[in-house]
Amino acid sequence: MKPRIAIIGGSNFSELLESPKSVKVKTKYGNPSDFVDIGDFSGKTVAFLPRHGKRRNLPPHMINYRANIFALKKIGVESIIGVTSVGSLKKKISPPCVFIPNDYINLWNVQTYYKKKIGHVTPEIDEKMRKIVVGQAKKNGLTVHEGVYVQTTGPRLETKAEINFLKNYADVVGMNMAAEATLSKELGLRYVNLSSVDNYANGIILESLTFEQILQNARKNSEEIKKILKNVVRVIR
Ligand code: HPA
């Protein structure tokens with residue numbers, strides 16, 4: 001059966017499905033981050049793509065987002081759930097918790113398929129899917145927050161001055177979600193994001209920040225995130 005739902009995994013996990021079939025999907029935009037896994041998840045045929053590659057060898061600024069989203073469209077996917085790791089810009093969004101963005105800021109490195117013709121989509125996170133994700137996440141053990149995601153380019157983390165600026169406009173910071181949401185909209189795919197809040201962004205609290213710390217927290221959160229995903233996939237149509 002063809003997968004109508006895809007999950008793009010981030011630092012939290014690079015594999016998700018049990019005994020999947022891995023397919024190589026070529027696109028006119030190049031190769032996606034890795035083979036696309038297709039298999040059963042929560043009683044449905046689901047596609048899974050590890051954003052950073054199965055070997056986690058692709059840093060955020062090297063990800064071919066256009067190939068990733070196009071590859072999913074090519075195999076028949078209609079709805080994408082992007083799972084990402086984010087840093088909190090607000091003291092009250094205290095990690096570990098879950099964040100489900102209702103909007104995003106991405107004023108630089110904007111991804112697009114419109115390079116040879118004119119097209120202007122109005123960005124939007126699919127509200128129907130978002131409500132489902134919020135509802136299912138709230139049934140879980142972790143606290144759920146909603147708000148604005150701001151995308152930085154990476155691979156470095158942000159300076160304290162950058163965070164001091166960004167915290168006035170957004171609630172969490174990450175390196176991936178806006179790119180995927182924009183491209184999905186351009187291809188007419190539904191996109192929703194489920195973020196694991198794994199740290200306070202640089203300077204929000206006194207404790208200094210390292211990437212190792214973020215990864216450790218992301219792994220700790222990953223079982224809860226998987227449980228939410230299972231419930232979301234079960235009810236999504
Ligand atoms: N900044 C950017 N991206 C991130 C962070 C952060 O603090 N944490 C997880 N992804």
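The legends below describe close-up views of a predicted model.

**View 1. The packing of helix α2 against helix α5 in the predicted model.** Helix α2, which spans residues 127-138, and helix α5, which spans residues 211-235, have axes 9 Å apart and pack at an angle of about 135 degrees, which makes α2 oblique to α5. The crossing of these two helices, α2 and α5, is right-handed. On the α2 side the contact is made by I132, V133, Q136 and A137, and these meet I228, N231, V232, R234 and V235 of α5. By residue class, the contact of α2 with α5 divides into six nonpolar residues, two polar residues and one charged residue.

**View 2. The surroundings of Q136 in helix α2.** Q136 has a relative accessible area of 8% and is therefore buried, the cut-off for this class being under 20%. When residues up to four places away in sequence are not counted, Q136 touches I228, N231, V232, R234 and V235, and each of these residues also appears on the α5 side of the contact between α2 and α5.

**View 3. Helix α4 and the elements that pack around its buried residues.** Because nine of the 10 residues of helix α4 (residues 177-186) are buried, this helix is largely enclosed by the rest of the structure. The buried residues are M177, A178, A179, E180, A181, T182, L183, S184 and E186. They pack against helix α1 (65-74) and against the strands β1 (5-9), β5 (79-88), β6 (97-105), β7 (144-151) and β9 (190-200). Just after α4, the backbone at G188 takes a positive phi of about 75 degrees.

**View 4. The aromatic pair of F70 and Y113.** A search of the whole structure finds five aromatic pairs. In the pair formed by F70 and Y113, the ring centres are 6.1 Å apart and the ring planes stand at 55 degrees, so the pair is classed as tilted. Since F70 lies in helix α1 whereas Y113 lies in the loop between β6 and α2, the pair ties together parts that are 43 residues apart in sequence. F70 counts as buried because its relative accessibility is 18%, and Y113 likewise counts as buried, at 11% relative accessibility. Ring pairs link Y29, F70 and Y113 into a cluster.

Notes:
Residues numbered from 1 in each chain as written. Predicted model: local features only at pLDDT ≥ 70, side-chain atom pairs only at ≥ 80, totals over all residues. Heavy atoms only, no water. Axes fitted to C-alpha atoms, helices over the stretch in contact; angles between N-to-C directions. Helix = DSSP H or I, 4+ residues; strand = E, 2+ residues; numbered from the N terminus. Parallel < 35°, antiparallel > 145°, perpendicular 65-115°, else oblique. Left-handed = near helix turned anticlockwise from the far one by under 90°. Contact = heavy atoms within 4.5 Å. Nonpolar A, V, L, I, M, F, W, Y, C, P; charged D, E, K, R; others polar. Buried < 20%, exposed > 50% of the residue type's maximum accessible area, 1.4 Å probe, protein only. Phe/Tyr/Trp six-rings, centres within 6.5 Å; stacked < 30°, edge-to-face > 60°.
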